[in-house]
Amino acid sequence: MKAGFLKKIQWSFKNWQQFALPGLSIVGLVVLVRLSGALQMLEWGAFDRFMRYRPIEPVDRRVVIVGVTEEDIRHVGYPVPDGELAQLITKLNSYKPRAIGLDIFRDLPVQPGEAELVKIFKTTRNVIGIEKSILPDAQNSIVNPPPELPTTQVGFADVILDRDGNVRRSLIASPRLNGGYQFSLGLRLAEAYLKAEGIEIDNGIKDKNAIRFGTVEFPRLQPHDGGYIGVDAGGNQILMNWRSGQKRFPMFSLKDIKTNNFNADAIRDRIVIIGMVAASVKDTLTAPAVNEDLVEGVEYQAHSTSQIISAVLDGRSLLQVLPDAWEYVLIIFWGGAGIAIGNIRRRTNTPAQERDSPIPNLLMMTAITISLVAGCYGLLLLGWWVPVIPTIFAFVGAGLVTRYIQDLRSLIEQRQLMLEQRQNTLDDAFNALHNGPLQTLAGILSSLRTDGLEPQVIGVKLESLDRELRQVYESLRPERLAKQGAAPLHELLYEVYHNTLQRDFAGFKGLKIKLPNINPVEDFYLTAEHKHELSLFLEEALCNVGKHARDATQLRVICKQENGWCSLRVVDNGAGISPTQTIVEQGGTKLAKSLAKKLGGSFTRSPNTPKGTICELTWPVGKT
């Protein structure tokens with residue numbers, strides 16, 4: 001039984017390979033396309049939508065934005081004079097914020113009020129200015145920080161754009177072009193805020209080049225993380241985990257601060273970021289992950305600052321990714337699932353492997369695809385970015401191709417079967433007539449020549465001939481063949497053995513010993529046509545005994561399985577075949593050899609010892 005089970009597994013695996021190869025080709029193609037970077041845009045788009053449709057988060061009141069609006073520009077002018085900035089910073093600082101970020105370039109003075117602003121820069125330790133020193137613009141130019149600020153009170157405002165012009169990454173630290181190391185404005189502000197909480201900045205533990213606050217280590221983006229393929233991951237970049245919701249941070253205008261139109265508690269012990277929000281200034285960027293419209297540069301700095309503080313103090317998730325190898329394991333796994341689902345269908349026992357409607361497969365694939373998308377969305381809520389687009393492509397593509405190839409093969413097989421069935425019908429009709437009615441008719445003619453039968457006896461024989469002709473018709477009906485295909489082989493063979501020995505053949509009348517040893521064998525790989533042909537083989541062999549072995553006294557029919565081979569043997573002790581006799585291949589012998597070839601086995605007819613004939617068909621289990 002164990003060996004038979006292994007044979008069945010081997011047979012199933014061999015057939016699985018045949019229908020899996022097209023689907024595996026699709027999975028391989030998806031992997032190659034992803035490695036080429038052609039799916040980046042689609043993966044970024046899916047990431048953006050997942051991010052934008054997350055549940056609304058509460059407003060982060062630890063970060064406050066003071067935006068210079070169009071109305072403010074009409075009153076104070078543009079660029080905003082140094083004196084206005086000095087008054088704004090002085091007033092804000094009077095409410096004891098932990099840090100004030102000035103997201104406005106001020107490498108050159110803007111009169112009036114230069115002296116007042118210089119004094120603020122020299123005396124106020126919680127003011128952090130900006131520079132553009134990491135990513136030069138198209139003219140390869142940089143913007144210096146306010147010259148009066150020490151380097152510890154300067155952060156760069158450089159923003160990294162993906163190839164589609166959108167922002168999904170945050171550069172929080174990087175080597176300078178002219179040497180040294182610098183932090184971003186968001187990291188400087190977060191550092192100042194967390195220092196007041198007793199949490200210092202340090203190098204990572206898992207990754208020495210990463211940045212860590214307390215026990216929270218910020219994973220550095222790698223070239224192939226998430227939906228990125230070969231991205232420039234220089235410096236210390238992290239994925240932006242934008243804060244969701246329509247209102248993310250408290251926001252006041254310059255006018256609100258000047259007219260005291262705010263609550264002092266909204267400033268005290270907070271981070272305040274000053275920046276331009278006027279449409280005419282165009283300090284904006286595109287970030288579909290947080291907003292379909294443009295995002296103000298000062299709001300980006302607020303998101304970057306809030307992300308760091310929230311991860312350290314609130315345990316808010318940092319976006320992480322699976323290792324590269326595991327991402328491709330995930331894609332291949334779901335591609336295999338698509339292949340399996342594409343091959344799920346009701347099978348019949350016909351050689352053409354008829355299939356039912358593909359609609360259940362499509363519905364199942366649709367439901368699983370929706371679940372897969374929902375699962376990837378759920379993982380993103382937990383802070384894990386997994387490749388949804390290539391996974392869906394592999395799953396759906398492999399499933400549809402598997403289903404299409406299987407149906408195409410079925411169509412080809414059915415066309416071939418139609419041709420084969422025509423020939424098989426003729427062969428089956430010939431065998432059934434040859435083994436039954438024609439033999440009865442030959443017996444009647446022989447008796448008429450030698451015995452001179454009475455009319456009454458002739459009538460009985462003709463009635464027998466009529467029954468046999470009707471049995472031929474019944475044996476060729478499709479439902480009869482279907483029934484044979486569903487029945488175990490040993491039951492069919494025993495039925496043939498029993499019915500054939502009831503027939504009026506001279507060779508059966510002298511039999512004293514009849515030994516049917518028909519054992520169950522594994523027949524999971526046999527089609528209805530195979531079983532039908534094996535039944536015809538046994539009937540032909542028994543009829544030959546009845547016709548030609550007239551002096552036989554013993555008949556043995558053996559069907560067994562040993563060492564992965566099946567054998568069906570008919571042995572008699574009649575006159576038999578002379579060792580020197582040449583066997584003429586007639587219809588029955590040709591059909592037996594044809595059946596042996598289909599089953600991958602052999603057919604032999606040989607002399608028995610001391611006399612008689614052995615007619616045997618052998619074939620391997622599971623080789624059809």
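## A residue out in the open

Asn563 is a good place to start: with a relative accessible area of 80%, Asn563 is exposed, because anything over 50% falls in that class. Asn563 is in the loop that runs between β18 and β19. Its backbone deserves a look too, since Asn563 takes a positive phi of about 55° although it is not a glycine. Please keep in mind that the model is predicted.

Asn260 shares the theme, with a positive phi of about 60° although it is not a glycine. You will find Asn260 in the loop between α7 (254-258) and β12 (271-276). With a relative accessible area of 45%, Asn260 is partly exposed.

## The whole protein

Let us step back for the overall picture. The secondary structure comes to 18 helices and 21 strands. Of the 624 residues in the protein, 48% are buried. Among contacts with a separation of 6 or more, 76% are between residues 24 or more positions apart. The protein exposes about 30900 Å², and 57% of that is supplied by carbon and sulfur atoms.

## Two nonpolar cores

In soluble globular proteins, nonpolar side chains tend to be buried together. Here the largest nonpolar core has 36 residues, and Leu538, Leu555 and Trp619 have the most contacts inside it. Two or more residues of this core come from each of α15 (489-501), α17 (528-548), β18 (554-562), β19 (565-572), α18 and β21 (613-620). The largest share, seven residues, comes from α17.

What does Trp619 touch, not counting residues up to four places away in sequence? Its partners include Leu489, Tyr525, Leu534, Trp565, Leu568 and Leu599. Apart from this core lies another, of 32 residues, with Ile130, Ala173, Val216 and Val277 among them.

## Helix α17 and its surroundings

How many of the 21 residues of α17 are buried? The count is 20, and the helix is mostly covered. From its first C-alpha to its last, α17 reaches 30 Å, close to the 30 Å expected at 1.5 Å a residue.

Phe537 belongs to α17 and Phe603 to strand β20 (residues 602-607), and their ring pair links parts of the chain 66 residues apart. The ring centres of Phe537 and Phe603 are 5.9 Å apart with the planes at 85°, so the pair is edge-to-face. Phe537 is buried, with a relative accessible area of 6%, and Phe603 is buried at 12%. Phe603 is also touched by Thr589, which contacts Arg605 as well. Thr589 lies in helix α18 (residues 587-599) and counts as buried at 7% relative accessibility.

## Rings and charges

The structure holds 14 aromatic pairs. In one of them, Trp44 and Tyr228 have ring centres 5.4 Å apart and planes at 50°, so the pair is tilted. Trp44 lies in helix α2 (residues 40-52) and Tyr228 in the loop between β9 (216-218) and β10 (236-239), so the pair ties together parts that are 184 residues apart in sequence. Trp44 counts as buried at 2% relative accessibility, and Tyr228 counts as buried at 0%. Ring pairs also link Trp44 and Tyr228 with Phe47 and Trp385 into a cluster.

Charged side chains meet rings as well. Arg98 lies over the face of Tyr193, at 4.0 Å from the ring centre. The charged end of Arg34 sits over the ring of Tyr328, 5.2 Å from its centre.

## Leu330 and its partners

Leu330 has its place in helix α9 (residues 324-342). With a relative accessible area of 23%, Leu330 is partly exposed. Leaving out residues up to four places away in sequence, Leu330 touches Val386, Pro387 and Thr391. Leu330 and Pro390 are 60 residues apart in sequence, while their C-alpha atoms are 9.6 Å apart in space.

## Two cis peptide bonds

If you plan to inspect the backbone, here are two more spots. Tyr78 and Pro79 are joined by a cis peptide bond, with omega about -5°. Pro79 is placed in the loop between α3 (70-76) and α4 (82-93).

The peptide bond from Gln111 to Pro112 is cis too, with omega near 0°. Pro112 is found in the loop between β2 (99-102) and α5 (114-123).

Notes
Residues are numbered from 1 along each chain as its sequence is written. This is a predicted model: local features need pLDDT of at least 70, side-chain atom pairs count only at pLDDT 80 or more; totals for chains, interfaces and linings use all residues. Side-chain values use heavy atoms; hydrogens and water are left out. Helices (H or I, at least four residues) and strands (E, at least two) are DSSP runs, numbered from the N terminus. Buried means under 20% relative accessible area, exposed over 50%, partly exposed in between (1.4 Å probe, protein chains only). Contact means heavy atoms within 4.5 Å. A nonpolar core is a set of buried Ala, Val, Leu, Ile, Met, Phe, Trp, Tyr and Cys residues joined through side-chain atoms within 4.5 Å. Accessible areas come from the Shrake-Rupley method with a 1.4 Å probe; for residues, only the protein chains shown count as cover. The expected span of a helix is 1.5 Å times one less than its number of residues. Rings of Phe, Tyr and Trp (its six-membered ring) pair if their centres lie within 6.5 Å; planes under 30 degrees apart count as stacked, over 60 as edge-to-face and the rest as tilted. A charge sits over a ring if NZ of Lys or CZ of Arg is within 6 Å of the ring centre and within 35 degrees of the ring normal.
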